[in-house]
Amino acid sequence: MSLAAALPALLAEHWGITGARVQPLGGGMNSATATVSTLDGVYVAKWVPAREVDRMVRGCAVAATLAAAGMSTGAPVPALDGALTVPLAGGAVGLGQWAPGVPLTGDDEGEQTLLGHTLACAHAVTRTGRTAGRFASWLDVERDSLGVEAWLWPAYTMVMEEYAALPPLTWATLHTDPSPEAFRFDAANGTTSLIDWTGAEPGPVLYDVASAVMYLGGPEHAGAFVDAFRCEDVMPADEWVHLDTLRRGRWLVQAAYFAERLAADDLTGTDAAGNREGFDRARRGLRDLGVG
């Protein structure tokens, strides 16, 4: 399916948008995107397969909540009937506001400070207090893919037992994948946007922190991010001692994700070598933290 080719008719029927200039934007592992330029502004259309539709609807609602609180999030543009997504090619399409600026990399302290402040602000809006319990619903213990290599099941068992033993932690609505490129900085107005909330779900704030630290190369490379996040006082200081537990959990999620792709020979967004590289990197991350 070509999203860009299908969009003009879809936009006209469901959003009342005609004469738009549509350009492919690429896609991630589980999606396709395109820019939609009109006289009134620029938007981003995103298609996801059927298994991701509920998550995209939830993410659109979260982005709208954060936008109402004053954050720039690529907020959804409801269709004419109020729906946040419309069906297309066995999946669904959502339309969101274009977040101006350039993606961040997190390569310097200034950018990491923006990452930490912006992520903490999102958590402050959606924070619900201390909660106990499991949140990683996508880690299904019955999944055959956890047997793709012999080390993964024991690692899963170890990490999940450690997580289950944690005390209640501060929960909020998580982004779940706050890589640096999910943040866009617009120098013209000094705004940092946090986009792509498709994976949003309630969980411990430390999980998002662990995710960002993972993408930044570990605590030794993420000091400015951590300092900026801590300055916002989203959670009590005593919770930070559990960061490594959540880091192990985050690497486990990464390993399980790529294990599933390897088991299914899923090549969307990458190739077999890319899936293998992601899986092996996750194993190294777990080993560095004493797992496997």
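Below, a trainee and a mentor talk through a predicted model.

Trainee: Before we start, what should I know about the model and its numbering?

Mentor: It is a predicted model, where local features need pLDDT of at least 70, side-chain atom pairs count only at pLDDT 80 or more, and totals for chains, interfaces and linings use all residues. Side-chain values use heavy atoms, with hydrogens and water left out, and residues are numbered along each chain as its sequence is written, from 1.

Trainee: Okay, is Ala 182 buried or exposed?

Mentor: First, place it: Ala 182 sits in the loop between strand 8 (169-174) and strand 9 (183-186). Helices (H or I, at least four residues) and strands (E, at least two) are DSSP runs, numbered from the N terminus. Buried means under 20% relative accessible area, exposed means over 50%, and partly exposed is in between (1.4 Å probe, protein chains only). Ala 182 has 8% relative accessibility, so it counts as buried.

Trainee: Which residues is Ala 182 in contact with, leaving aside neighbours within four places in sequence?

Mentor: Contact means heavy atoms within 4.5 Å. With those neighbours within four places left out, the list for Ala 182 is His 175, Asp 177, Ser 193, Leu 194 and Ile 195.

Trainee: Let's do rings. How are the rings of Trp 153 and Tyr 156 arranged?

Mentor: Rings of Phe, Tyr and Trp (its six-membered ring) pair if their centres lie within 6.5 Å; planes under 30 degrees apart count as stacked, over 60 as edge-to-face and the rest as tilted. The structure holds 5 aromatic pairs. For Trp 153 and Tyr 156, the centres are 5.4 Å apart and the planes are at 20 degrees, so the pair is stacked.

Trainee: Which helix holds Trp 153 and Tyr 156?

Mentor: Trp 153 is partly exposed at 40% relative accessibility, whereas Tyr 156 is buried at 4%. They are 3 residues apart, about one turn, and both lie in helix 4 (residues 152-164).

Trainee: What kind of aromatic pair do Tyr 257 and Phe 258 form?

Mentor: Tyr 257 is partly exposed at 24% relative accessibility, and Phe 258 is buried at 7%. Their rings are 5.1 Å centre to centre with 80 degrees between the planes, and the pair is edge-to-face.

Trainee: Moving inside, which helix gives the most to the largest nonpolar core?

Mentor: A nonpolar core is a set of buried Ala, Val, Leu, Ile, Met, Phe, Trp, Tyr and Cys residues joined through side-chain atoms within 4.5 Å. The largest one has 39 residues, and those with the most contacts inside it include Phe 225, Phe 229 and Trp 240. Elements supplying at least two residues each include helix 2 (53-68), helix 3 (109-126) and helix 7 (243-264). The biggest contribution to this core, 7 residues, is from helix 5.

Trainee: Which residues do ring pairs link into a cluster?

Mentor: We have met these names among the residues with the most contacts in the core. The cluster linked by ring pairs is Phe 225, Phe 229 and Trp 240.

Trainee: How many residues apart are Lys 46 and Asp 196?

Mentor: They form a salt bridge (a side-chain nitrogen of Lys or Arg within 4 Å of a carboxyl oxygen of Asp or Glu), and their closest N and O atoms are 2.6 Å apart. Lys 46 is buried, with a relative accessible area of 15%, while Asp 196 is partly exposed at 43%. Lys 46 is in strand 3 (residues 41-49) and Asp 196 in the loop between strand 10 (191-194) and strand 11 (201-204), so the pair links distant parts of the chain, 150 residues apart.

Trainee: Which residue forms a salt bridge with Arg 51?

Mentor: Arg 51 is exposed at 54% relative accessibility, and its partner is buried at 17%. Arg 51 lies in the loop between strand 3 and helix 2, and the partner in the loop between helix 7 and helix 8 (272-288), so the pair ties together parts 215 residues apart in sequence. The closest N and O atoms are 3.8 Å apart, and the partner is Asp 266.

Trainee: Last one: how far apart are the closest N and O atoms of Asp 244 and Arg 247?

Mentor: Both are in helix 7, 3 residues apart, so about one helical turn separates them. Asp 244 is partly exposed at 34%, and Arg 247 is buried at 14%. In their salt bridge, the closest N and O atoms are separated by 3.0 Å.
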